[in-house]
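Student: Hey, can you walk me through this one? I'd like to go strand by strand, then look at charges and pockets.

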Amino acid sequence: MHLQYLKGKEALVWVLAILLGTGSYAQPIQVPQMLEEEPAPGKRVKVIAPEYKESDVYHSLYLPENHTKGRLYPVIVEYTGNKWEPTGSTGEARDAILGFVPARELGAIWVVMPYIKDNQSILNWWGDEHQTIEYALKNIRRICEDYGGNPAEIFICGFSRGAIGVNYLGLHNDEVADAWLGFFSHDHYDGERHWGDYWSPSLDRYRAAAKVRMGRLNGRAAFISNNSDGKSTVRKYIEGQHLDKFGEVAFNDFLVQSIIEDIPNKYVPHAHTDKWMLWDSHYKNKVISWFREVIKNKPGTYSVSGTVRDVQGKPIEGAVIESGRTHFTTTDKQGRYKLEGLIRGNRHIIINPDMGLTKANPSHQLDLQSDVSGIDFIVR
């Protein structure tokens, strides 16, 4: 809210709240408006992917203020809640909030992805899951290639519908599950409850499928936040089903009213909201600390390193080494590479076939259970 729209006592309350850092209107952080401009540091812009030029499908892209070509940045991918008037949620990518503050604090790239069906953005539930996931995978790769997103530090986050989508979409199959370093959700969770005729099957069938998805967490970190005055129903579900065994699971249960007073008010109509991240609080700080720790320690992931040389032993600079849709890196002047952020299990390490390099030795197939070095390639 801008001061020019406030008058008299209301404006005074707003100013005092900001100065004192207290009260319902103490909102020190403003989310950048989405602009129809070219991407630039500190701006949030609307991006239309080439495949969707003749549609209403878009994603939003925020580059950190310190963004410089040639550097690598964490990437936070967000999914919005459903369109639901009582909370003020529009379901639109342009109105997302949850991922901005972590991105600002970390100096990360922030992307808000759409839900898609038949070339249309879907404001309630998933649209077509395959189309929605395929869009994300294609554009995560593009963002990493074009703007220095770090393939080893890609997070998925979401509020409400998006919180369910963190697992329902983010762990939907092995291919998309491979993309992420960490998982951050607020309010609701995959398998927590039955959604009736909207999309989920019976609760038992739904939870059985959700458990398979949770298994794809594969030792990585999940931060699960909920508006709750104690142990949330989400936490009871996860601990009751022993789903926390699949990764490093942490919880953040709190009442939104302890951060934002007097809900509903004209800025926050409902406590089911992601706007709490815009206020300073212990719970917001826990989120930021979690992101920092996950980036530092990269739980549940490993690295593969080696060299690329020609048949005469000369190092090849700029060769693209990859494993999966979103994990890739390039060799340096000495022909060295290091792929980070890879989850355990069967990994196929290859040189990107579009480079025109003919391998003199086969691609490498690994059962990755720890960091591995000496995975070398010889090319013609």
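Tutor: Sure. Let's start with a pair of residues: L35 has V45 in β2 as its bridge partner. Keep in mind that this is a predicted model.

Student: OK, and β1 and β2, do they run parallel or antiparallel, and over how many bridges?

Tutor: They pair in the parallel sense, over two bridges.

Student: What's the strand order in the open sheet they belong to?

Tutor: Going across, you get β1-β2-β3-β5-β4-β8-β9-β10-β11, which makes nine strands with mixed pairing.

Student: Which strands sit at the edges there?

Tutor: β1 (34-35) and β11 (248-254) do, and each of them pairs on one side only.

Student: Switching to the sheet with β13 in it. What's the order there?

Tutor: That one is an open sheet of four strands, β14-β13-β16-β17, and the pairing is antiparallel. Its edge strands are β14 (328-330) and β17 (364-368), which each pair on one side only. From one strand to the next, the twist averages 25 degrees.

Student: Which residues face each other between β13 and β16?

Tutor: E322 has I350 in β16 as its bridge partner, and I321 stands opposite I351 of β16. Strand β13 covers residues 320-322 and β16 covers 345-351, and they pair in the antiparallel sense over two bridges.

Student: And how many bridges join β16 and β17?

Tutor: Five, again in the antiparallel sense. One residue to look up there is G345, which stands opposite L368 in β17.

Student: Where do side chains point in a strand, in general?

Tutor: In a regular strand they alternate between the two faces of the sheet.

Student: Nice. New topic: how many salt bridges are there?

Tutor: The structure holds 19 of them. One is between the side chains of E51 and K138, at 3.8 Å from N to O. That pair links distant parts of the chain: E51 is in the loop between β2 (44-47) and β3 (59-62), K138 is in helix α3 (residues 129-147), and they are 87 residues apart.

Student: Why can side chains pair up like that?

Tutor: Side chains of opposite charge can pair when their charged atoms come close.

Student: Is E51 buried, exposed or partly exposed, and what about K138?

Tutor: E51 is partly exposed, because its relative accessible area is 36% and the partly exposed range lies between 20% and 50%. K138 is partly exposed too, with 33%.

Student: Which residues are in the salt bridge network with E51?

Tutor: K138 and R142 are linked with E51 in that network.

Student: Let's try D174. What does D174 form a salt bridge with?

Tutor: With R216, and the closest N and O atoms are 3.1 Å apart. D174 lies in helix α5 (residues 174-177) and R216 in the loop between α6 (203-215) and β10 (221-227), so this pair ties together parts that are 42 residues apart in sequence.

Student: Are those two buried, exposed or partly exposed?

Tutor: D174 counts as exposed, at 57% relative accessibility. R216 is partly exposed, with a relative accessible area of 21%.

Student: What about K284 and D280, how far apart are their closest N and O atoms?

Tutor: They are 3.8 Å apart, and the two residues form a salt bridge. K284 is buried, with a relative accessible area of 7%, whereas D280 is exposed, with 55%.

Student: So why does K284 count as buried?

Tutor: Because buried means under 20% relative accessible area, and K284 has 7%.

Student: Last topic, pockets. How much space lies in the largest pocket?

Tutor: About 870 Å³. This pocket is lined by 30 residues, and V31, R94, D95, I97 and K275 lie nearest its centre. By class, the lining has 11 nonpolar, 13 polar and six charged residues.

Student: And how much is in the second largest pocket?

Tutor: About 520 Å³. The second largest pocket has 23 lining residues, with L72, G149, P151, F328 and T329 nearest its centre. The elements that give two or more residues to this lining are α3, β8 (149-159), β14 and β15 (336-343).

Student: How does that lining divide by class?

Tutor: The second largest pocket's lining divides into eight nonpolar, nine polar and six charged residues.

Notes
Residues numbered from 1 in each chain as written. Predicted model: local features only at pLDDT ≥ 70, side-chain atom pairs only at ≥ 80, totals over all residues. Heavy atoms only, no water. Salt bridge = Lys/Arg side-chain N within 4 Å of Asp/Glu carboxyl O. Buried < 20%, exposed > 50% of the residue type's maximum accessible area, 1.4 Å probe, protein only. Pairing = 2+ DSSP bridges. Axes fitted to C-alpha atoms, helices over the stretch in contact; angles between N-to-C directions. 1 Å grid on protein atoms, 1.4 Å probe; cavity = no way out; pocket = protein on both sides within 12 Å on 5 of 7 lines; lining within 4 Å. Points joined across faces, edges and corners; volume = space filled by probe spheres on them. Nonpolar A, V, L, I, M, F, W, Y, C, P; charged D, E, K, R; others polar.
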